[in-house]
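Dear colleague,

I am handing over a structure that I would like you to look through before we next talk. Please open it first, and then read the notes underneath it.

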Amino acid sequence: ADLFHIIRQRWILASSAAFVLTALFAIVLLNQTPQYEAEASLVVDLRADKVVNVQEVVENSVQNSSLLETAMNTHIERLKSRSMAGSVVDSLTEAQQVKLTEAFTGPLEEIPLEERPELVSLIIEEMLSIAWLPDSQVLRVRIKHTERHLAKLVADRYVKLYIRSQTTLRGQSTEQAVEFLDAQTVELKQRLETEEAALQAYRTDNDLVTVEQSQQIITERLSDLSKAITEARVRLVGVESYRNQINAAGDNLDLIMNLPFVGGKLNVAEIYNELQDLKTEQRILAETYLERHPLMVENLAAQQAVADALWMAIRQGSQEYTVEEARITEELASLNAELDAAKEESRRLESLAIEYRVLSRKVEAQRDIFDRITSRFNETSVSQQINSTTIRILDLAALPREPVWPDVKKIGLASILLFGFIFVGLPFGIELADNRLRSFDDIERY
């Protein structure tokens with residue numbers, strides 16, 4: 001009741017003062033120079049576009065939201081940087097720079113040269129604002145100015161020059177990568193040629209087509225020699241067996257003739273048959289004549305001659321196996337010597353193969369590195385010619401039609417709040433300075 005009473009006592013004064021002050025406040029704000037806001041937008045892609053399988057030199061892929069937030073904040077700070085504002089100012093004509101500055105300072109002719117504000121600072125502090133809504137990849141670049149065409153121009157310049165600066169940075173990094181890879185390609189090519197020359201010289205010095213082919217040839221030779229030695233040993237065992245049987249038979253003609261490899265010979269068999277015929281003839285003559293009979297003597301002489309011829313034929317047959325045994329023995333010695341030489345050559349080639357494989361692995365490793373670097377160099381050279389920036393212009397600024405300031409709604413709301421504050425605050429202020437008893441509270445207090 002006391003509060004209502006205080007306001008009721010001075011409502012005319014309070015309302016008048018509030019109306020006058022609010023009206024002055026509204027008039028001052030509404031008469032301010034109109035401010036226009038132009039907005040251009042950029043979209044930040046998560047990764048650069050790929051052309052076929054060409055890899056980017058600088059990877060800009062974003063893996064999670066925290067990295068996305070970091071990347072977006074980095075772009076915002078770059079847009080707000082003095083270097084970016086300086087690039088925009090440099091792109092404007094002198095007349096445009098003057099118009100931008102005079103909107104905040106008035107005519108520049110009236111301001112001493114040393115006291116004139118820096119346009120870069122005015123743009124950052126008074127004109128520029130960067131907005132980014134979370135969970136999006138869009139940056140909004142807003143420029144406020146009294147001249148709407150200038151606001152649109154500066155907003156467009158900001159987004160265009162920022163993309164150009166990012167492309168330049170990526171181009172510089174790509175160019176450095178190309179230069180480095182080019183130098184590495186030349187160096188690796190020289191190394192590869194040196195390693196190949198060393199391998200070829202080693203191959204020539206050791207008279208090798210390839211170690212693998214030489215080893216294969218030696219392996220085949222070892223196999224052939226082993227097979228020939230085995231066959232010779234088998235033949236030698238057979239010849240020794242024949243000689244042992246002949247030696248075991250001794251001078252027993254019947255045992256010797258029972259040996260097929262002796263008695264089966266055609267000449268021996270013919271002589272033996274002739275001897276048997278003579279013995280048959282002797283038995284027939286013995287039935288008629290005595291031992292001293294000329295026919296008996298002639299028969300015995302003939303048997304002796306045939307027997308001598310038979311033993312000579314048998315000895316000649318036996319001698320063949322002796323000669324064959326000696327020949328096979330000599331052949332075995334020769335084959336063993338060749339086998340030892342082949343084994344020694346195999347060991348030599350194996351030692352050569354170790355060094356050859358080392359040199360070959362060096363060449364292959366060097367060639368693999370050279371191929372990779374060359375491929376990377378080609379990809380980088382292609383990517384250098386590709387617009388691979390991850391920032392795109394979503395929209396250029398539209399020419400603003402309505403000023404963002406003075407804002408009638410905001411000024412009206414502020415005026416209403418100011419009117420209420422004065423209408424209530426002024427009576428209480430006067431009441432605090434007035435000592436007369438006017439309310440129930442005054443009576444209770446005093």
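The notes below go through the nonpolar core, the salt bridges and a charged patch.

Please keep in mind that this is a predicted model, in which local features need pLDDT of at least 70 and side-chain atom pairs count only at pLDDT 80 or more, while totals for chains, interfaces and linings use all residues. Residues are numbered from 1 along each chain as its sequence is written, and side-chain values use heavy atoms, with hydrogens and water left out.

I begin with the largest nonpolar core (a set of buried Ala, Val, Leu, Ile, Met, Phe, Trp, Tyr and Cys residues joined through side-chain atoms within 4.5 Å; buried means under 20% relative accessible area, exposed over 50%, and partly exposed in between, with a 1.4 Å probe and protein chains only). This core has 35 residues, and among them Leu-42, Leu-79, Ile-143 and Tyr-158 touch the most other members. Several helices and strands (DSSP runs, H or I of at least four residues for helices and E of at least two for strands, numbered from the N terminus) each supply at least two residues of the core, including strand E1 (36-44), helix H3 (65-79) and helix H7 (148-205). The most comes from H7, which gives nine residues.

The structure also holds 13 salt bridges (a side-chain nitrogen of Lys or Arg within 4 Å of a carboxyl oxygen of Asp or Glu). In one of them, the side chains of Arg-82 and Glu-118 meet at 2.7 Å, N to O; because Arg-82 lies in helix H4 and Glu-118 in the loop between helix H5 (94-105) and H6, this pair ties together parts that are 36 residues apart in sequence. Arg-82 is partly exposed, with a relative accessible area of 45%, and Glu-118 is also partly exposed, at 41%.

Another salt bridge joins Glu-331 and Arg-235 (3.2 Å, N to O), and since Glu-331 lies in helix H12 (residues 294-384) and Arg-235 in helix H8 (residues 211-249), the pair ties together parts that are 96 residues apart in sequence. Both residues belong to a network of salt bridges that links Arg-235, Glu-324, Arg-327 and Glu-331.

By contrast, Arg-372 and Asp-368, whose closest N and O atoms are 3.1 Å apart in their salt bridge, both lie in helix H12, four residues apart, about one turn of the helix. Arg-372 is exposed, with a relative accessible area of 59%, whereas Asp-368 counts as partly exposed at 38%.

With kind regards
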